[in-house]
Amino acid sequence: MRYDARIEIANDIATRVIPVWSRSLGSWTFSLGRKPFESHELEGHYDKEADTWHATISKLGFEDAYADLIGQALSSTPVQPANEALRVLDAGIGTGAMSAALADNYSGDMALTGVDVSMDMLKRAEQHLNHSHLSARFLQADVNSLPFEDNSFDVVLVAHVLEHMADPKRALAELHRVLKPGGILVACVTQRSSAGVYIQLKWRTHRVDRSTACEWLWDCGFVHARAVDLQEGTKAQRFSCGYIGQKAHYLNQSPSE
Ligand SMILES: C[S@@+](CC[C@H](N)C(=O)[O-])C[C@H]1O[C@@H](n2cnc3c(N)ncnc32)[C@H](O)[C@@H]1O
């Protein structure tokens, strides 16, 4: 009994560290990890960034890159809500750049729910999202524990949030839970590149290679999960990679079916 308890503690510590570097030498593996910021620390940091965030991502070309990624997601996996507005969750919405890209690309009615731990980011998102076919509500909530029923949304957006998580699969499982069967997930994650090093040092985030991120999606039950290059020619392409996945229409649907 005592032995089990120790294993539990060890696992808990392991999942709270973000891997930064690892090398193997014979039977030895040397690795360096870093504790991520807790949710309340991120709330404080992003409150401070809120005024300048939109200009920063715009300068790096993320508005165009998000528009391109959303366009690819909608053309490969059309979403058709039955006689009602498209229900969209933007988890870690920030100033709303990815929601704006979806609203620009989708001509039907859209009911957006934006969640974030930072109240200042939520206020900026509210100011920024003023499309006529969009109704929106904004809530302070943690992506790891969302206050929504199962199968609530047609589309879930999560841009540059999973890399902050000590356990990204916990957040992805929560996003999968609230997505309707057949609904689509569009994600963007900092990639393993030299450009991502600065982000990792400043924000204590994961830098993830594509196969690892796709495995996260598959492990959490998403089908047709794939990596998508961000728009060529944007600085955004050097920092991050896009991912598209879908919640299975029926139980036991295989990842590629
Ligand atoms: C890098 S910013 C990305 C913002 C926006 N998605 C974008 O692409 O511009 C990360 C956002 O996630 C929010 N965030 C961080 N951890 C969160 C959590 N556990 N739950 C909800 N939001 C979180 C931050 O407050 C911040 O607004």
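Start the tour at Glu215, which at 44% relative accessibility counts as partly exposed. Glu215 is found in helix α8. The model on screen is predicted, and residues are numbered from 1 along each chain as its sequence is written. Keep Glu215 selected and add Trp53, which is 162 residues away along the chain. A distance drawn between the two C-alpha atoms should read 30 Å.

**The loop before α8**

Next, select the loop between α7 (194-203) and α8 (210-219), where His206 is found. His206 has 9% relative accessibility and counts as buried, because buried means under 20% relative accessible area. Show the side chain of His206 together with the backbone of Met165. A polar atom of that His206 side chain lies 2.9 Å from the backbone oxygen of Met165.

Stay in this loop and select Arg204, which also lies between α7 and α8. Arg204 counts as partly exposed, at 22% relative accessibility. Check the backbone torsions here: phi of Arg204 is near 55°, a positive value in a residue other than glycine.

**Another positive phi**

Move to the loop between β5 (134-140) and β6 (153-159), and select Asn151 there. Phi of Asn151 is near 55°, again a positive value in a residue that is not glycine. Asn151 is partly exposed, and its relative accessible area is 38%.

**The ligand**

Now select the ligand and display the residues around it. How many residues surround the ligand? There are 20, and the closest are Tyr66, Gly92, Asp116, Val143 and Ala159. Colour this shell by residue type: 13 of its residues are nonpolar, five are polar and two are charged. Then colour the shell by element of secondary structure. Helix α2 (residues 39-59) supplies the largest share of the shell, with five residues.

For the polar atoms, show the backbone of Val117, Val143 and Ala159 in turn. At Val117, a backbone N or O atom lies 3.4 Å from a nitrogen atom of the ligand. At Val143, a polar backbone atom is 2.9 Å from a nitrogen atom of the ligand. At Ala159, a polar backbone atom is likewise 2.9 Å from a ligand nitrogen. The ligand taken alone exposes 600 Å², and the protein buries 98% of that. Hide the ligand and display cavities: the space that the ligand takes is the largest cavity.

**Helix α2 and the loop after it**

Return to helix α2 and select Ser58, which is found in this helix. Is Ser58 buried or partly exposed? At 32% relative accessibility, Ser58 counts as partly exposed. Add Trp28 to the selection and draw the C-alpha to C-alpha distance, which is 44 Å for a separation of 30 residues in sequence.

Step on to Gly61, placed in the loop between α2 and α3 (62-76). Gly61 is buried, with a relative accessible area of 12%. The last distance to draw runs from Gly61 to Ala141: C-alpha to C-alpha, they are 27 Å apart in space, and 80 residues apart in sequence.

Note on methods. This is a predicted model: local features need pLDDT of at least 70, side-chain atom pairs count only at pLDDT 80 or more; totals for chains, interfaces and linings use all residues. Side-chain values use heavy atoms; hydrogens and water are left out. A residue is near a molecule or strand if one of its heavy atoms lies within 4 Å of it. A polar contact is a pair of N or O atoms within 3.5 Å; within protein, one must be able to donate a hydrogen and the other to accept it, and residues adjacent in sequence count only if both atoms are side-chain atoms. Accessible areas come from the Shrake-Rupley method with a 1.4 Å probe; for residues, only the protein chains shown count as cover. On a 1 Å grid over the protein atoms alone, a cavity is a set of points where a 1.4 Å probe fits but cannot get out, and a pocket is an open set with protein on both sides within 12 Å along at least five of seven lines; lining residues have an atom within 4 Å of a point. A molecule sits in a cavity or pocket if more than half of its atoms lie within 2 Å of its grid points. Helices (H or I, at least four residues) and strands (E, at least two) are DSSP runs, numbered from the N terminus. Ala, Val, Leu, Ile, Met, Phe, Trp, Tyr, Cys and Pro count as nonpolar, Asp, Glu, Lys and Arg as charged, and the others, Gly among them, as polar. Buried means under 20% relative accessible area, exposed over 50%, partly exposed in between (1.4 Å probe, protein chains only).
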